[in-house]
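Open the model in your viewer and keep the selection panel at hand. The tour goes from one selection to the next and says what is found at each stop.

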Amino acid sequence: MNKYKSKIKWMFLFFVMMTLSIIIDQWTKNLVLLHLKDKGAYPLIQGVLEFQFFSNTGIAWSMLEGQVIFILLTGIVFLAVVLFCIIKLPDNKKFHIIYILGGILMGGAVGNMIDRIRLGYVVDFIYISLIHFPIFNVADMCIVISVIILAVLFLFVYKEEDLAFLNFKQKKYREVK
């Protein structure tokens, strides 16, 4: 398969992962709006895990509460940066996992942005009552899990020269093998 076709294949997979993440996130949130809004918590494992509706007008742990426009603008910039990096990503086996993780990350971010635009808040519903962890949703899981794996990759797997493709000053970068 030539490099151009391979790049298209991986970009397609990126968009598939993003779309699946958005669909699963929005489907679960719609179920929550139908069955849990204005109702009490639904325990899955008594004293450990429950579903309960929470409208979050902020970001993680309700920070920047009520700053919807600022959060949306910041989100758009974030999405543009991620998309830029994905487009610039070399078509190399070493980077294929980033297409998948990038799609999941973007899907989570877009899923929460859809809520902010459509509802004015993000629907959160998963609560780990055992440790009183803040309520979260599927989009949050997509974001956190993909960021953790990406951080491990960038800290322990990729070397500085592997990321030369992101350098604006350098016109040509060495193809990673």
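How far apart are N and O where the side chains of Lys94 and Asp162 meet in a salt bridge? Select the two residues: the N to O distance is 2.8 Å. Bear in mind throughout that this is a predicted model.

**Stop 1: Lys94 and Asp162**

With the pair still selected, colour the chain by position. Lys94 belongs to the loop between α2 (68–88) and α3, and Asp162 to the segment after α4, so their salt bridge ties together parts that are 68 residues apart in sequence. Now turn on the surface. Lys94 has a relative accessible area of 29% and is therefore partly exposed, whereas Asp162, at 5%, is buried.

**Stop 2: Lys29 and its partners**

A search of the whole structure finds three salt bridges. For the next one, select Lys29, in helix α1 (residues 3–35). Lys29 counts as buried because its relative accessibility is 0%.

Add Asp25 to the selection. Asp25 forms a salt bridge with Lys29, and the closest N and O atoms are 2.9 Å apart. The two residues are four apart in helix α1, which means a separation of about one helical turn. Asp25 also has 0% relative accessibility and so counts as buried.

Then add Asp115. The side chains of Asp115 and Lys29 meet in a salt bridge, at 2.9 Å from N to O. This pair links distant parts of the chain, since Lys29 is in helix α1 and Asp115 in helix α3 (residues 96–119), 86 residues apart. Both Lys29 and Asp115 are buried. With Asp25, Lys29 and Asp115 displayed together, you have a network of salt bridges.

One more addition here is Gly111. The backbone oxygen of Gly111 is reached by the side chain of Lys29 at 3.5 Å.

**Stop 3: helix α4**

Select residues 138–157, which form helix α4. At 1.5 Å a residue, its 20 residues should span 28 Å, and the end C-alpha atoms are 27 Å apart, so the two values agree.

Go to the start of α4 and show Asn137. A side-chain oxygen of Asn137 comes within 2.9 Å of the backbone nitrogen of Ala139.

Which residues of α4 are buried? They are Val138, Ala139, Cys142, Ser146, Leu150 and Leu153. Look down the axis of α4: these buried residues fall within an arc of 105 degrees, so they line one face of the helix. On the other side of α4, Ile148, Leu155 and Phe156 are exposed.

**Stop 4: Leu153 and Leu155**

Is Leu153 buried or exposed? Its relative accessibility is 13%, under the 20% limit for buried residues, so Leu153 counts as buried. Add Ile98 and draw a distance: the C-alpha atoms of Leu153 and Ile98 are separated by 9.1 Å, although the residues are 55 apart along the chain.

Move on to Leu155, also placed in helix α4. At 64% relative accessibility, Leu155 counts as exposed, because the limit for that class is over 50%.

**Stop 5: the nonpolar patch**

Keep Leu155 and add Val144, Ile148, Val152, Phe156 and Val157, then show the surface of the selection. These six residues make a nonpolar surface patch of about 600 Å². Ile148, Leu155 and Phe156 in the patch are the exposed residues named on the other side of α4.

How values were computed
Residues are numbered from 1 along each chain as its sequence is written. This is a predicted model: local features need pLDDT of at least 70, side-chain atom pairs count only at pLDDT 80 or more; totals for chains, interfaces and linings use all residues. Side-chain values use heavy atoms; hydrogens and water are left out. The expected span of a helix is 1.5 Å times one less than its number of residues. Buried means under 20% relative accessible area, exposed over 50%, partly exposed in between (1.4 Å probe, protein chains only). The arc is that of the directions from the helix axis to the C-beta atoms. A polar contact is a pair of N or O atoms within 3.5 Å; within protein, one must be able to donate a hydrogen and the other to accept it, and residues adjacent in sequence count only if both atoms are side-chain atoms. Patches are made of residues with over 30% relative accessible area and no salt bridge: like charges are joined within 9 Å, nonpolar side chains (Val, Leu, Ile, Met, Phe, Trp, Tyr) within 5 Å. Accessible areas come from the Shrake-Rupley method with a 1.4 Å probe; for residues, only the protein chains shown count as cover. A salt bridge is a side-chain nitrogen of Lys or Arg within 4 Å of a carboxyl oxygen of Asp or Glu.
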